[in-house]
Amino acid sequence: MSGLFLPEDDAVTPALRGFARAHAGLVELSEDPAFLRARDRDPRRAVGLVSGGGSGHEPLHAGFLGRGMLDAVAPGQVFASPHNRQVLYASRAAAGPGGVLHIVKNYTGDRINFGIAAERLRLEGIEVRRVLVDDDLATDSAQTATGRRGTGATVVVEKLLGAAADEGRGLEELAGLGAAVAAASRSLAVASRAQTSPHTAAPAFELGTGELEYGVGIHGERAARTIERPPLPRLLARMLDELLAGLPAGSDDLLVLVNGLGATTQLELYGIFEHVAEDLGGRGLGVAESLVGTFVPALDMAGFSITLTRLDEGWRRWWRAPVSTPAFPVQEA
C-alpha cells in the first residue's frame, strides 16, 4: 500500500468493484461471498479453472480471468487466504461437465480452504482436482515445514493450463499437466525495500543502505538472508546459479519470467531481463519464451523475482495461444 488508504480503510472491496467495473466486458463480480467470474469461455472447455489467494498481488489472479486462462477467482483480504465459502461458490460457478481444477499456491491457509471447498464440491457430485504450485527456492529446505512457497510460476501454470483446457482436455490430464509445469519451474526473489504494511502504513521491515533481502516471499516475508547489494550482473549470476541448480533435468529451452514486486519500474525489469538472457546464453541455454512485467507483486515492495521453467514438448504452443483477459499480454506471433 502506498499510503493513500488509511490502515482502517477497506481497500479490497472497492478494488474488486472497481476492477469489475473497469473490465465489465470480461469479468463479473459476485459479492456474497466475494468471487470473480469470467464472462466468456471457449465452448470446447469441459473443465473449469479456479484459482485465488490473498489480495495485494494484482494482477494475480483476477487479471488472468477470461478466455484462454481462468474461469473464476476467489480473492482474500490482503495477504490472506480466501474463505472456503468463496472458493466453493467460485468453483460452482466455474465447473464444467468435466469438473473443476483448483490452482493453489503452496501456503497453509490456501491449501486448507481450497481443500475444504473441494470436499464440499465432491459431496455435491462435482469432480475436483488440485494443482499445487511450489516454485520458491528460498523455502526449499528441510527446515521449512510447508515446503517451497508458490510464487511467480503460478502465472505460467495458469497460462498453460488455460490453453490446454480450451482444447477440451479432461480433468486428470489437466491436473497432470499442471503438476508437471509446477515441477519444471523454480523462482527466486530479492528486495531492496519492504512493502508498506496495510496495518501500520510503515515499511514492514527495515533494510540498511546497500543491503538486499535475498529470498523474499510474495506476502512480504523477510528472507533468511540479508546480503550486501552486489552489482546487478553479479547478483543475477548468483540467482541463476541457484535457480538452474534447483531445476530438475530436462529441456534447455527455458521460459523466463522477470516479475516486479510492486515498486520496480519497467525500465529496470527490462534491463534485468537483458542481463538474464545474456547470462543464460553464455551458459549455452536458450530463452525460448519470456514474460517481463509486474504480474505477482507484494504490494509496493521494491524488488523483483526470476522464474525459470523448462519447457516440455508442446508447451510453447500453449504459451503462445491467444487469451482475452484484463492483464495477460497478447503474445507475439
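This passage walks through a predicted model, starting with its sheet and ending with some backbone oddities.

The sheet is open and has 6 strands, lined up in the order β1-β2-β4-β3-β5-β6, and their pairing is mixed. In general, strands of a sheet pair through backbone hydrogen bonds, and they can do so in a parallel or an antiparallel way. At the edges stand β1 (27-31) and β6 (128-133); each has a single partner strand, so one side of each is left without a neighbour in the sheet. The sheet isn't flat like a tabletop, either: on average, neighbouring strands are turned by 25° against each other, direction ignored.

Take a look at the β1 edge. Here β1 pairs with β2 (residues 34-38) in the antiparallel sense, over 5 bridges. As part of this arrangement, Glu31 sits opposite Ala34 of β2. The loop between β1 and β2 holds Pro33, and the peptide bond that joins Asp32 to Pro33 is cis, with omega at about 0°.

Two helices can be placed against the strands. Helix α1 (residues 12-22) lies across β1, β2, β3 (48-55) and β4 (72-78), and it runs at about 150° to β1. Helix α5 (residues 171-183) packs on the sheet too, touching β5 (100-105) and β6, with a direction that makes about 5° with that of β6.

Leu29, a residue of β1, gives a close-up of this region. Apart from neighbours within four places in sequence, Leu29 is in contact with Leu16, Arg17, Ala20, Phe35 and Leu36. Leu16 is 13 residues away along the chain, yet the C-alpha atoms of Leu29 and Leu16 are separated by 7.4 Å. Is Leu29 buried, exposed or partly exposed? Its relative accessible area is 24%, so it counts as partly exposed, because buried would mean under 20%.

Next comes the inside of the model. In soluble globular proteins, nonpolar side chains tend to be buried together. The largest nonpolar core here has 52 residues, and the members that touch the most others are Leu101 and Leu161. Helix α4 (residues 153-165) gives the most to this core, namely 9 residues. Why does the core lie between two domains? Domain 1 (12-183) and domain 2 (186-320) both give residues to it, so it lies between them. There is also a second, separate core of 26 residues, with Leu235, Leu247, Ile272 and Val292 among them.

Leu101 has a long list of contacts. Leaving out neighbours within four places in sequence, the partners of Leu101 include Val47, Leu49, Val50, Val131, Leu161, Leu171 and Leu174, along with Arg129 and Arg130. As for α4, 13 of its 13 residues are buried, so this helix is largely enclosed by the rest of the structure. From first C-alpha to last, α4 reaches 18 Å, close to the 18 Å expected at 1.5 Å a residue.

Finally, a few spots in the backbone deserve a quick look. A cis peptide bond leads from Leu60 to His61, with omega near -5°, and His61 belongs to the loop between β3 and β4. Phe79 has a phi near 60°, a positive value in a residue other than glycine. Phe79 is found in the loop between β4 and α2 (84-94), and with 21% relative accessibility it counts as partly exposed. Ala201 also has a positive phi near 60°. That residue, Ala201, lies in the loop between β7 (185-193) and β8 (211-214), and it is partly exposed at a relative accessible area of 43%.

Conventions:
Residues numbered from 1 in each chain as written. Predicted model: local features only at pLDDT ≥ 70, side-chain atom pairs only at ≥ 80, totals over all residues. Heavy atoms only, no water. Core = buried A, V, L, I, M, F, W, Y, C linked by side-chain atoms within 4.5 Å. Buried < 20%, exposed > 50% of the residue type's maximum accessible area, 1.4 Å probe, protein only. Helix = DSSP H or I, 4+ residues; strand = E, 2+ residues; numbered from the N terminus. Domains from an automatic or database assignment. Contact = heavy atoms within 4.5 Å. Pairing = 2+ DSSP bridges. Axes fitted to C-alpha atoms, helices over the stretch in contact; angles between N-to-C directions. Expected span 1.5 Å × (residues − 1).
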